[in-house]
Amino acid sequence: MVLITGAVPVPGLSTARAEEATTLRVGWTIPAEEAKYWMMRRPAAFPGLGTRYTIEWVQFQGTAPMTQALAAGALDCATQSPLALAQGAVEGGLKADIVAQHVSEKPGSFSVYWAVRKDSPIRTPADLKGKTVGINTLGSGIYGPMALLLRRSGLDASRDIKLVEIAFPLSEDAIRSGRVDAAVMNQPFAARAEARGDIRRLFALSEQQPDIVHILEACRKDFVARNPNLVRTYVRALTAGMRMALADRPETLKVVSEVMKAPVAVLDTYLLKDNDFARDPGARPDFAAIQRMYDTYAETGLLPRRLDAEEFHDPAVTAPIE
């Protein structure tokens with residue numbers, strides 16, 4: 001776990017709500033959190049940084065551990081997938097507000113997809129019957145849309161294919177070596193595989209839902225209630241960070257390279273290009289899309305009941321905040 005500390009101002013904090021906290025504990029991960037990366041690596045771009053409150057940036061390996069940390073009160077805000085947040089609410093009693101959105105899929109953007117070898121006899125999802133298929137994590141958020149896509153082709157994902165866990169960075173090798181018949185591809189690993197050739201796309205999540213939300217930002221409701229000015233300032237900074245990231249791609253490549261330890265030349269093959277995920281310029285959460293995802297999760301058994309996305313919506317602390 002990596003701890004990075006920075007600070008962001010809370011306008012009027014000392015006079016408006018002197019009782020508010022001055023430290024915000026924020027969970028983050030890699031990749032696709034450019035607004036946060038800008039705040040970490042280019043603090044001078046955020047006026048007043050260091051004068052009013054401190055952000056403790058705590059790195060995690062995924063969203064599920066951050067859900068647990070939020071529920072335990074160890075974090076105030078954190079990156080979440082829609083599914084992790086929903087499971088935290090249903091199973092752990094987590095009450096949180098979705099305050100911003102990092103990346104999603106839109107028509108024309110990158111969409112998570114399953115790939116096969118170019119010479120594979122598998123041509124349609126129906127051809128996966130009885131085959132071994134890789135997924136990043138069993139029960140992950142991409143399982144629901146995948147299961148519905150396979151259902152359209154007459155397959156039951158729980159019975160008709162053999163699902164095995166393969167981390168995104170290892171999917172390409174698993175396909176090429178024949179250890180799996182198909183595996184899921186995500187950026188930046190998809191761009192690398194496509195550049196090497198002999199990999200063919202089979203189906204993409206966008207075929208089930210074109211506006212899937214992958215990661216968002218959530219803050220605990222109790223923390224928001226006690227510290228509304230602090231949270232609004234944090235969301236204001238996220239809004240500004242997203243705008244900076246999109247407005248200055250060359251600098252964003254450098255920022256992301258510093259965080260991910262990946263060469264700029266590699267990031268340049270996809271980051272903020274047409275073959276990357278979509279980003280709302282104001283980091284605005286798409287609650288309608290999140291609702292459709294929750295309906296999918298309930299239908300495919302990832303959630304025990306239907307969840308209302310509005311449970312996580314407080315307009316007072318939702319991006320964009322200028």
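**Notebook: a cysteine pair, a cavity and two cores**

I began with two cysteines, and both C77 and C219 turn out to be buried. A reminder to myself: this is a predicted model.

**Entry 1: the disulfide**

I looked up how many disulfides there are, and the count is one. C77 and C219 make this link, with their sulfur atoms 2.1 Å apart. I jotted down a general point here: a disulfide is a covalent bond between the sulfur atoms of two cysteines. Next I checked the twist: the angle about the S-S bond is 105°, and the link between C77 and C219 is right-handed. Where do C77 and C219 sit along the chain? I found C77 in strand 4 (residues 77–80) and C219 in strand 11 (residues 213–220). The two cysteines are 142 residues apart, so I noted the pair as one that links distant parts of the chain.

**Entry 2: empty space inside**

I then went looking for holes. Searching the whole structure for cavities of 30 Å³ or more gave me one. I put down about 60 Å³ as the volume of the largest cavity. Which residues line the largest cavity? I listed P31, A32, E34, Q187, P188, V256, M260, Y270, L271, D276, F277 and R279. Sorted by class, this lining comes out as eight nonpolar residues, three charged ones and one polar one.

**Entry 3: the nonpolar cores**

The largest nonpolar core has 69 residues. I wrote down the ones with the most contacts inside this core: L85, W114, L128 and Y294. Helix 12 (residues 287–299) is the top contributor, giving six residues to this core.

I picked Y294 for a closer look. Setting aside residues up to four places away in sequence, Y294 touches P82, L83, L85 and A86, and also L303, L307, A309 and F312. L85, another of the residues with the most contacts in the core, is thus on my list of Y294's partners too.

There is also a second, separate core, this one with 40 residues. Among its members I noted I55, M260, A283 and V317. I had already met M260 in the lining of the largest cavity.

**Entry 4: T296**

My last stop was T296, which belongs to helix 12. Is T296 buried or exposed? Its relative accessible area is 6%, and buried means under 20%, so T296 counts as buried. What does T296 touch, leaving aside its neighbours within four places in sequence? I found contacts with G144, P145, L148, Q208 and Q209.

Key:
Residues are numbered from 1 along each chain as its sequence is written. This is a predicted model: local features need pLDDT of at least 70, side-chain atom pairs count only at pLDDT 80 or more; totals for chains, interfaces and linings use all residues. Side-chain values use heavy atoms; hydrogens and water are left out. A disulfide is a pair of cysteine sulfur atoms within 2.5 Å. Helices (H or I, at least four residues) and strands (E, at least two) are DSSP runs, numbered from the N terminus. Buried means under 20% relative accessible area, exposed over 50%, partly exposed in between (1.4 Å probe, protein chains only). On a 1 Å grid over the protein atoms alone, a cavity is a set of points where a 1.4 Å probe fits but cannot get out, and a pocket is an open set with protein on both sides within 12 Å along at least five of seven lines; lining residues have an atom within 4 Å of a point. Grid points are joined across faces, edges and corners, and a volume is the space filled by probe spheres set on the points. Ala, Val, Leu, Ile, Met, Phe, Trp, Tyr, Cys and Pro count as nonpolar, Asp, Glu, Lys and Arg as charged, and the others, Gly among them, as polar. A nonpolar core is a set of buried Ala, Val, Leu, Ile, Met, Phe, Trp, Tyr and Cys residues joined through side-chain atoms within 4.5 Å. Contact means heavy atoms within 4.5 Å.
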